[in-house]
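Welcome, and please keep your viewer open beside this text. We will go from the overall picture to a few selections worth making.

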Amino acid sequence: IDEVRVYNRALTDEEVVALYYNGALPQLPTMVNQPRNQSACLGTTISVLGAVVMPLFLLLDWFMLPAGAFDRFLRYRAAVAGLLALQLLLIRFTRPSRLSFLHGYFFTLLAGGAISWTTVELGGFDSPYYAGLNLVIAVNLFLPWRPLHATLTSVGTVLLYVVLGAVFGGPFHGAALANNLFFVGVTVLIAVVTARAKFQLIDDE
């Protein structure tokens, strides 16, 4: 028996642990970067969602688009779905890294840009097609990434919509823009708060 000690009181849990580690509490690990398996899950999730959901927009296009515009938007959707499918292949045949989160930004730029441009072609801020942006933002609910990324991609999606609509969308009603930004903004808030809570749970585990 080595280093026998006798105390006249019960030791706390912290004191027992400190004695076990020679007087110093161990440094517990903290999550600084995305774990690699989570990064791979992140990229695969967004690619599959995008490659499946974007073609489904064709059903909505069939009812929403004016006569003669469907063929043009069919090419848009096919191009976006093709790029997302290539992204999925890239993820499957490359090793995850600390930069894997960039796949989420690529998806946001591609899907958010496609939907924003659709609103431009269908009446700018007066087009109800803006609701599709909520789907792009809601993807954050499925991704195991840091709240910062959820915030940047969500806000970036909204800014892309506003800039394209303001520059190319033509005249619009301010009330329509305010209405659209309110609902999209609420979706952003939900996505960011949920991402923060989920990431905290992952960090605690």
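A residue counts as buried here when its relative accessible area is under 20%. By that cut-off, 37% of the 205 residues of the protein are buried. Keep in mind throughout that this is a predicted model.

**Whole chain.** Start with a cartoon view. You will find 7 helices and 0 strands, and from the N terminus on the order reads α-α-α-α-α-α-α. Now switch on contacts: among those between residues at least 6 apart in sequence, 75% join residues at least 24 apart. Then show the surface. The protein exposes about 12500 Å², and carbon and sulfur atoms supply 68% of that area.

**Helix H3.** Next, select residues 70–92, which form helix H3. How far apart are its end C-alpha atoms? They are 33 Å apart, which agrees with the expected span, because 23 residues at 1.5 Å a residue should also span 33 Å. Show the side chains as sticks and pick out the buried ones in H3: Phe73, Arg77, Val80, Ala81, Leu84, Gln87 and Ile91.

**A nonpolar patch.** Now return to the surface and select Leu141, Phe142, Phe182, Phe183, Val186 and Ile190. Together they make a nonpolar surface patch of about 580 Å².

**Ile190.** For the last stop, zoom in on one member of that patch, Ile190. Ile190 sits in helix H7, which covers residues 174–204. Is Ile190 buried or partly exposed? Its relative accessibility is 47%, so Ile190 counts as partly exposed, a class that lies between the 20% and 50% cut-offs.

Definitions and conventions. Residues are numbered from 1 along each chain as its sequence is written. This is a predicted model: local features need pLDDT of at least 70, side-chain atom pairs count only at pLDDT 80 or more; totals for chains, interfaces and linings use all residues. Side-chain values use heavy atoms; hydrogens and water are left out. Helices (H or I, at least four residues) and strands (E, at least two) are DSSP runs, numbered from the N terminus. The expected span of a helix is 1.5 Å times one less than its number of residues. Buried means under 20% relative accessible area, exposed over 50%, partly exposed in between (1.4 Å probe, protein chains only). Patches are made of residues with over 30% relative accessible area and no salt bridge: like charges are joined within 9 Å, nonpolar side chains (Val, Leu, Ile, Met, Phe, Trp, Tyr) within 5 Å. Accessible areas come from the Shrake-Rupley method with a 1.4 Å probe; for residues, only the protein chains shown count as cover. A salt bridge is a side-chain nitrogen of Lys or Arg within 4 Å of a carboxyl oxygen of Asp or Glu. Contact means heavy atoms within 4.5 Å.
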